[in-house]
Amino acid sequence: MPKIDPASIGLSTKIFVAYMAVLGTIAGLVYSVGGAAYDATHGGLNAGTALAFLALIGMPVASSFIGLLIGLVLAMPVDWLLRRFGGSDLPGK
C-alpha cells in the first residue's frame, strides 16, 4: 500500500500560494479598474487613482504571502500526525 510522504506536504503549500495569488490578481484588477472608473465619473483622475493601480502588484503579493502562511499552518498538524503515526496507508487500495 502506498504511504503518504511527509515531503509532499509542501505541495499543498504551493497550491495555497498559487490559489491566493490568482485571487489577489482578480481582486487587484477589480479594485484598480473599478476605482479608476469611479474616479473618472466623479471628478477626474488623480494621484489616488495612480496609487490604486499599485494594487495590481501589491494585492497578489500580499495574498500569496497569506497563502504561504495558511499552507504552512495547515501543514504543521498534518506533518505532526504523519510523523507520529509513521505515515498513513491510503484506505481502499
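A contact is taken here as a pair of residues with heavy atoms within 4.5 Å. Among contacts in the protein between residues at least 6 apart in sequence, those that join residues at least 24 apart make up 83%. The structure is a predicted model, in which local features need pLDDT of at least 70 and side-chain atom pairs count only at pLDDT 80 or more, whereas totals for chains, interfaces and linings use all residues. Residues are numbered from 1 along each chain as its sequence is written, and side-chain values use heavy atoms, with hydrogens and water left out.

The mean pLDDT (the predictor's confidence in each residue, from 0 to 100) of the protein is 80, and 82% of its residues reach 70 or more. Three helices and zero strands make up the secondary structure, where helices (H or I, at least four residues) and strands (E, at least two) are DSSP runs numbered from the N terminus; the order of elements is α-α-α. Among these elements, the lowest mean pLDDT, 83, belongs to helix α2 (residues 47-52), and the highest, 88, to α1.

Of the 93 residues, 20% count as buried, a term that denotes under 20% relative accessible area, with exposed meaning over 50% and partly exposed in between (1.4 Å probe, protein chains only). The protein exposes about 6,500 Å², of which carbon and sulfur atoms supply 75%; these areas come from the Shrake-Rupley method with a 1.4 Å probe.

Two serines of helix α1 illustrate contrasting environments. Ser32, found in helix α1 (residues 9-41), is buried, with a relative accessible area of 1%. A polar atom of the Ser32 side chain lies 2.9 Å from the backbone oxygen of Gly28, and, when residues up to four places away in sequence are not counted, Ser32 touches Ala52, Phe53 and Leu56. Ser12, which also lies in helix α1, counts as partly exposed at 30% relative accessibility; its C-alpha atom is 8.9 Å from that of Leu74, although the two residues are 62 apart in sequence.

Helix α3 (residues 55-85) comprises 31 residues, which at 1.5 Å a residue should span 45 Å (1.5 Å times one less than the number of residues), and the 44 Å between its end C-alpha atoms agrees with this expectation. The helix nevertheless bends by about 25 degrees at Ala75, with a proline, Pro77, following within four residues; the bend is the angle between axes fitted to the seven residues ending at a position and the seven starting there. Ala75 is itself one of the buried residues of α3, which also include Pro60, Gly67, Gly71 and Leu82.

Definitions and conventions:
A polar contact is a pair of N or O atoms within 3.5 Å; within protein, one must be able to donate a hydrogen and the other to accept it, and residues adjacent in sequence count only if both atoms are side-chain atoms.
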